[in-house]
Amino acid sequence: MLTLQCPYCGVDAEETELHAEGEAHLKRFGPGSSDDDFETYLFMRENPKGVHFERWRHSNGCGKFFHAARSTTTLEVFGTYSAQTYEPPQDIKDKITAKYPGWSWREFA
Ligand SMILES: [Zn+2]
C-alpha cells in the first residue's frame, strides 16, 4: 500500500486516507487562451513509467492539498511538499537524480 507523509500535519497517511487529485504542476489556461492551450490543459496528461508528480489531498485528515513525487513502477516516494509551488523542492529533485541519473525536471505544459 502506498503511504505518503502529509507535509502539513506530518501524518504518515495510507492511501485510503488520501484522495488522488491527478497530475501536479499543471499550467492552467482560462477562457482567453488559445484552443490548443485550453485543450492541452483539459485533456493532456502524463502517464510515465517512472518518476511522476501527483497532486493529493489528505481527505481523511487535515483536508489540505499537497504534491508527491514518486516512482510509478516501484512506488518509491521521493518526497511530498506543498501544493503551492511551481516545481518540486531541490532536495526532492536531488533524490530523484541520485536514483535516476540523467533525469531532469521539466516545465509541465
Ligand atoms: Zn494532513
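Q: In which sense do E3 and E4 pair, and over how many bridges?
A: Let's start with two strands of this predicted model. E3 and E4 belong to an open sheet of four strands with antiparallel pairing. One bridge links Glu23 to its partner Glu54 in E4. The pairing of E3 with E4 is antiparallel, over three bridges.

Q: Which strands are the edge strands of the open sheet?
A: Follow the order of the open sheet, which is E3-E4-E5-E6. An edge strand here pairs on one side only. That description fits strand E3 (19-23) and strand E6 (77-82).

Q: By what angle are neighbouring strands of this sheet turned against each other on average?
A: The four strands of the open sheet pair in an antiparallel way. For the angle, direction is ignored, and the average over neighbouring strands is taken. The result is 30°.

Q: Which strands does H2 lie across, and at about what angle does it run to E6?
A: Picture helix H2 (90-99) against the open sheet, whose order is E3-E4-E5-E6. H2 lies across E4, E5 and E6. Relative to E6, the helix runs at about 165°.

Q: Which elements give two or more residues to the largest nonpolar core?
A: This core has 14 residues, and Leu4, Trp56, Ala68, Ala69 and Ile96 have the most contacts inside it. Looking at one of them, Ala69 is in contact with residues including Val51, Phe53, Ile92 and Ile96, leaving aside its neighbours within four places in sequence. The elements that give two or more residues are strand E4 (51-57), strand E5 (65-71) and helix H2 (90-99).

Q: Why is the chain as compact as a globular protein of its length, and what is its radius of gyration?
A: The chain has two helices and six strands, running β-β-β-α-β-β-β-α from the N terminus on. For 109 residues the globule rule gives 13 Å, and the chain's value is close to that, so the chain is as compact as a globular protein of that length. Its radius of gyration is 15 Å.

Q: Is Lys64 buried, exposed or partly exposed?
A: Lys64 sits in the loop between E4 and E5. A residue needs 20 or more C-beta neighbours within 10 Å to be buried, and 12 or fewer to be exposed. Lys64 has 16 inside 10 Å, so it counts as partly exposed.

Q: How far apart in space are Lys64 and Cys6, C-alpha to C-alpha?
A: Along the sequence, Lys64 and Cys6 are 58 residues apart. Leaving aside neighbours within four places in sequence, Lys64 is in contact with Tyr8 and His58. In space, the C-alpha to C-alpha distance between Lys64 and Cys6 is 8.5 Å.

Conventions. Residues numbered from 1 in each chain as written. Predicted model: local features only at pLDDT ≥ 70, side-chain atom pairs only at ≥ 80, totals over all residues. Core = buried A, V, L, I, M, F, W, Y, C linked by C-beta atoms within 7 Å. Contact = placed C-beta atoms within 7 Å. Pairing = 2+ DSSP bridges. Axes fitted to C-alpha atoms, helices over the stretch in contact; angles between N-to-C directions. Rg over C-alpha atoms; globule rule 2.2 N^0.38 Å.
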